2 protein chains.
Amino acid sequence: MRIALDSMGGDRGPADIVDGAIQAVTEADLSVTLFGDEEKLTAILKRSGPYDTGRIDIVHTTEVVGMGESPIEAIRRKRDSSIVVAFKRLKDGEVDAVVSAGNSGATMAAAVRSLGRLKNIARPGIASIFPTLKKPVVMMDVGANVDCRPKHLLQFGLMATAFSEGIIGNDRPRVGVLSIGAEQGKGNSLVRKADKLFRDSTLNYIGNIEGSDTFKGDVDVIVCDGFVGNVSLKISEGLAEAMTTMLRAEINNSFVAKLGYLLARGAFARFKKRIDYAEYGGAPLLGLNGTGIVCHGRSNPTAIKNAIHVAAETVQNKVNERIVELMAEITESSEDSASSDDNKQEGTS
Amino acid sequence: MRIALDSMGGDRGPADIVDGAIQAVTEADLSVTLFGDEEKLTAILKRSGPYDTGRIDIVHTTEVVGMGESPIEAIRRKRDSSIVVAFKRLKDGEVDAVVSAGNSGATMAAAVRSLGRLKNIARPGIASIFPTLKKPVVMMDVGANVDCRPKHLLQFGLMATAFSEGIIGNDRPRVGVLSIGAEQGKGNSLVRKADKLFRDSTLNYIGNIEGSDTFKGDVDVIVCDGFVGNVSLKISEGLAEAMTTMLRAEINNSFVAKLGYLLARGAFARFKKRIDYAEYGGAPLLGLNGTGIVCHGRSNPTAIKNAIHVAAETVQNKVNERIVELMAEITESSEDSASSDDNKQEGTS
């Protein structure tokens, strides 16, 4: 198992990314190929603690796609960028999966261009793993597809089901559609139309769920369009951060409270670990002929390590094969045919 | 100033609602009329602590709209329900505003039917007040309008601006449209079309904001359609609850952490107050010929009290007059004319 790691993306610089790679090869039986500036990466590796040097190598690339660049344009122009070359090597079978903490739009665009879509998948998307009071939940799509049709939602539910089975280990993942009320018929026109497709499918569909159900852990897969999913993801990140900041401020306001915090700091650390995105291994790109994981731009070494492990498990546990299998189960006659070249937008969704 | 209080709605029963009314008349110079079962309400008032009896009276109603009932049907059928009668009295000028913790859809429907819309407002909506690291932010719409047109978003921004001025006390509230990236052009087709309308308006538009900006306090008004807003609101509530539960569980896992918590409990209480919806006085219905506030079904007496005070301030500070004034400033020629009887849905939004 060899994972390609785009080492030039992200907000924190290549040192943290390389550190994550070293942790990953130390904790699991796999190799990592770093894509990026060979000189820089070699220097970072030399400064690093001991690791199995046979398990990390470098592919030199000369360009970098910046976080703010327009994805399509960037990957067209920067043919020797770390992210473009990494996916090309995946396409050529030289690596088994790609992990990047860079520009997520560019990562998706490079992945689609190099790998192409899985059979009958109309729109690849990005899934995200959220912590809950019970097992983690998989939400899809969280940003790749902003204007969706009902059948796209169905396919998001299907792809996230395969991922939930393979990575979270759920048997028949419960699939809910994110809406504004649990009752059937509640929601916008997209959600109301998707409801029928889900009911007619072989997925373990439990109906609409509300935003407040997201973190309870009573649903395994949450389906939404990429606009709603991206807003949900970023609101959650923002709120978790704001709550932590507010709590810290209140504690720092009083000497006694600070003392109390010191006593309770083990509990706080475990709490932080439970809600930390870094523990959940990045966001898988699903629906592609290959495996890609995009990490948060601010990913620390732990987040990179976990993403590498999730990438390896996605390949080992044959998530893509399972997506193709589930697609074959779905009656093609529902709504309109899900032909893979159908990528138009629908006016009413 | 006399506020009508629907005393039969909500999940916690009339005792908490009456308690909120007593707190409200004790802390501010206003009167409250309770709408509901006179016998029950009289009994609750008799059991209550001392209050100025001249400031609370009762209008007897015989029916109740349940939390799960279909709004339109319920208010059509239950003509003597507390919520329907309360809005009728507001229409007749016998009270100055209505507060309800009942079925929010039915509250909106009763309000629209009794009061009608403000001049040129196409779609009344529900705003919600979120805590942030700085001043509270007003988000609109959070559930009344799930499929929206660009001009509806513009009007939500305008109405929330008037509310932010009158209730939060902001001078030129900064208005942002909730999207999946801060750059112009990012978003779904609805958001991209709305952008032009906002740029051409007299509002203090700062462009797109991301979900992660919601709690930072650098924007005063967040605009979104009712589907996205409702999901955002409920995800935030769900996450705040889940984080509190997780933190409590971690603290209870260790004796030393529990001791620490006891020392820090003042800080925790202040933190809880900062994030508690009860402190923010319910969600105003905006765009109507009159003032209505809908509270969370689980509202405790503090939440009811705060909602009554916000209702009074909304009237005193002439929020509706300000909405009409701002509407007049907006060039009617942008997009299509915002005639008040235009209530059709647009295919592309």
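Is the crossing of H4(B) and H5(B) left-handed or right-handed? It is right-handed, a word used when the near helix is turned clockwise from the far one by less than a right angle, whereas anticlockwise would be left-handed. Before we look closer, note that this is a predicted model, in which local features need pLDDT of at least 70, side-chain atom pairs count only at pLDDT 80 or more, and totals for chains, interfaces and linings use all residues. Residues are numbered from 1 along each chain as its sequence is written, with chains lettered from A and ligands numbered from 1 in the order in which they are written.

Helix H4 (residues 82-91) and helix H5 (residues 104-115), both of chain B, pack at about 30 degrees with axes 9 Å apart. Therefore H4(B) runs roughly parallel to H5(B), the term for angles under 35 degrees. The contact (C-beta atoms, placed from the backbone, within 7 Å) involves residues including B:Ile83 and B:Phe87 of H4(B) and B:Ala106 and B:Ala110 of H5(B). Eight of the residues in this contact are nonpolar, two polar and two charged.

Now step back to the pair of chains. Rotating by 180 degrees, with 0.0 Å of shift along the axis, superposes chain B on chain A at an RMSD of 0.0 Å, by least squares on the C-alpha atoms of residues with pLDDT of at least 70 in both. The two copies are thus related as by a two-fold rotation axis. Within chain B, the residue closest to that axis is B:Gly260, whose C-alpha lies at 1.8 Å.

How values were computed
Axes are lines fitted to C-alpha atoms, for helices over the stretch in contact, and angles run from 0 to 180 degrees between N-to-C directions. Helices (H or I, at least four residues) and strands (E, at least two) are DSSP runs, numbered from the N terminus. Angles under 35 degrees count as roughly parallel, over 145 as roughly antiparallel, 65 to 115 as roughly perpendicular and the rest as oblique. Two residues are in contact if their C-beta atoms, placed from the backbone, lie within 7 Å. Ala, Val, Leu, Ile, Met, Phe, Trp, Tyr, Cys and Pro count as nonpolar, Asp, Glu, Lys and Arg as charged, and the others, Gly among them, as polar.
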